[in-house]
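Biologist: I've got a new structure open and I'd like to learn how to read it. Could you walk me through it, one feature at a time?

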Amino acid sequence: MNRVDNLKKIIKRLTVVLLAFLALLIVIFIIHCINVGRYNSEWRIITSDSSSTQILVDVHPRGGVTDSWVKTNTGLGTSLNAKIYEMVVTNNSHYYVDDWQIRFNISDKCYLNNGWCGTFEVHQFPKSGEEIYQTLDLRNFDEKDIILNHTLAGQDLLIPLDYGDYFIYHPDTSPASGELPIKGSEDMEGNCVCGFIMYSLTGEVDLADYELSYRLHKYVWDGFAGKFFAVAFSLVALSFLILGTIFLVSVRFESRIQALSKLLEDANRICCSLSDSRDYYSKGHSQHVAEYARMIAEKMGMDKSDCDIVYNAALYHNVGTVFVNEQILRKKGKLTREEYAEVKKHTIRGSEILKDIENIPLAYEAALCHHERFDGTGYPFGKKEEEIPLIARIVAVADAYDAMANDRPYRGKLSRDQIREEFIKNRGTQFDPAIVTAFLDVMGERNL
Ligand SMILES: [Fe+2]
């Protein structure tokens, strides 16, 4: 397996790990979103007795000289004193108050007159009958639609309230009112000021008994958990981006490598065809020897890259024949001593061509020593046993097999059994015994 394949394998494993992490993250994030939804939908309550630092309510009379007055034409046979009350809701939390309402429980006789900007849900419990309630916009109403007990003093509406009655203020939902939502303290706008007018005999109305209901709204990205998810999702996305980029680059690199390998294969084929074409009987010989040499290397337990080196080196073992007289190579009769000496030169001439070719390692040794014999009686040097490079000993066996398995000018091709006999007979003399053993196994397994 080459480095690109290893890289792709690592990318696939990392992608699986990332997908698993992303799936887990999504599950936890969904749970987080559900919790945020619950948090946002929860109604919280503050009463006049509560002590909250996050949400504060302040109800007080407005203090200006024009903020209280006496009304004499009440139609009730008595004068009433009016006063403007301000209601301030302050949000000191980091989240929006996205809904709220406040209920005032009445403890003494008074009259609700006007208010801004929201609506008033008034509940009356007259002694003579059942509860009467109605929600009104006190700045914009039609008197004939009012079902509450009420009187009109000129154009002023007076809604009588007494102990046990209550009214609920609902804020104006229009964005321009600024009553909803109430932004958090971080926005420096964390409060809302509303107001209404109350009448009473003394001008004082006890509004100390109130109950504020509100809901907070936080976003899923708020808080530590939200920031954790934002960072985690960003890192996962970045990791996928990096892995994707590396994968695309590796695919492009691999396609370039494959194109170059193909080019090298074509060049090899051309070179080998050139040397094989010198001898009519050697057509395809180099290719066959290379394939047998690879089989032997695989049988000997070499890894893929070493097997490739053996294959490429074996391809060029006879390249030196391009310098041998073609008539001698194709001669059908027995060679003279001079002619045989000429043929022998192909080992030296081939090695001279391959000597400086670094990208085809071992080809030099294969070309130079593939006619050496294990017992030291070969050529060109008469090397023996381990003195002969391993690649040359492998090629010698592969070369001999291809020669025996095909017709030659001086004999016909040998049978399978004859070839096996020849190898066994020459084991330890012409051939390395270990390589013969490996090749006999190859012949058996591949039915050669
Ligand atoms: Fe040869």
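Modeller: Sure, we'll take the features in turn, starting with the metal site. Keep in mind that this is a predicted model.

Biologist: Okay, which residues coordinate the iron ion?

Modeller: To read a metal site, you list the atoms that sit around the ion. Here the iron ion is held by OD1 of Asn318 and by the NE2 atoms of His346, His370 and His371, at 2.2 to 2.4 Å. Along the chain, these donors follow the spacing N-x27-H-x23-H-H.

Biologist: Where do His346 and His371 lie?

Modeller: His346 is in helix 6 (residues 337–354), while His371 is in the loop between helix 7 (363–369) and helix 8 (390–404), so the pair ties together parts that are 25 residues apart in sequence. His346 is buried, at 4% relative accessibility. His371 has 23%, so it counts as partly exposed.

Biologist: What arrangement do the 4 donor atoms make around the iron ion?

Modeller: The general idea is to compare the angles with ideal ones: 109.5 degrees for four tetrahedral donors. In this structure the 4 donor atoms subtend angles of 81 to 168 degrees, so the arrangement is irregular.

Biologist: Next up, cysteines. How many disulfides are there in the whole structure?

Modeller: A disulfide is a covalent bond between the sulfur atoms of two cysteines. A search of the whole structure turns up 0 of them.

Biologist: Why is Cys272 not bonded to Cys271?

Modeller: The cut-off for a disulfide is 2.5 Å between the sulfurs. The closest cysteine sulfur to that of Cys272 belongs to Cys271, and because it is 6.6 Å away, it is too far for a bond. Cys369 is in no disulfide either: its nearest cysteine sulfur, in Cys272, is 18 Å away.

Biologist: Are those two cysteines buried or exposed?

Modeller: Cys272 is buried, with 5% relative accessibility. Cys369 is buried too, with a relative accessible area of 2%.

Biologist: Now helices. At what angle do the axes of helix 2 and helix 3 cross?

Modeller: For a helix pair, you look at how close the axes come and at what angle they cross. The axes of helix 2 (residues 223–276) and helix 3 (residues 285–299) come within 8 Å and cross at roughly 120 degrees. That makes helix 2 oblique to helix 3. The contact is made by Cys272, Ser275 and Asp276 on the helix 2 side, and by His285, Ser286 and Gln287 on the helix 3 side.

Biologist: What about the backbone? Which residues are joined by a cis peptide bond?

Modeller: Most residues other than glycine have a negative phi, and most peptide bonds are trans. One cis bond joins Trp116 and Cys117, with omega about 5 degrees. Cys117 is in the loop between strand 6 (110–116) and strand 7. Another joins Leu180 and Pro181, where omega is about -10 degrees. Pro181 is in the loop between strand 11 (166–170) and strand 12 (191–200).

Biologist: And which residues have a positive phi without being glycine?

Modeller: Glu385 is one of them, with a phi of about 45 degrees. Glu385 lies in the loop between helix 7 and helix 8 and is partly exposed, at 42% relative accessible area. Asn447 is another, with phi near 55 degrees. You'll find Asn447 in the segment after helix 10 (433–446), and Asn447 is exposed, at 61%.

Biologist: Last topic: places along the chain versus places in space. How far apart are Phe125 and Gln258?

Modeller: You compare the separation in sequence with the distance between C-alpha atoms. Phe125 and Gln258 are 133 residues apart along the chain, and their C-alpha atoms are separated by 92 Å. Phe125 sits in the loop between strand 7 (119–124) and strand 8 (132–136). Leaving aside neighbours within four places in sequence, Phe125 contacts Glu131, Gly164, Asp165 and Tyr166.

Biologist: What does Ala400 touch?

Modeller: Ala400 is in helix 8 and is buried, with a relative accessible area of 13%. Setting aside neighbours within four places in sequence, Ala400 is in contact with Phe423 and Phe431. From Ala400 to Ile348, 52 residues apart in sequence, the C-alpha distance is 19 Å.

How values were computed: Residues numbered from 1 in each chain as written. Predicted model: local features only at pLDDT ≥ 70, side-chain atom pairs only at ≥ 80, totals over all residues. Heavy atoms only, no water. Buried < 20%, exposed > 50% of the residue type's maximum accessible area, 1.4 Å probe, protein only. Donors = N, O, S within 2.8 Å, 3.2 Å for Na, K, Ca; no water. Tetrahedral: all angles 85-135°; square planar, octahedral: opposite > 155°, others 65-115°. Helix = DSSP H or I, 4+ residues; strand = E, 2+ residues; numbered from the N terminus. Axes fitted to C-alpha atoms, helices over the stretch in contact; angles between N-to-C directions. Parallel < 35°, antiparallel > 145°, perpendicular 65-115°, else oblique. Contact = heavy atoms within 4.5 Å.
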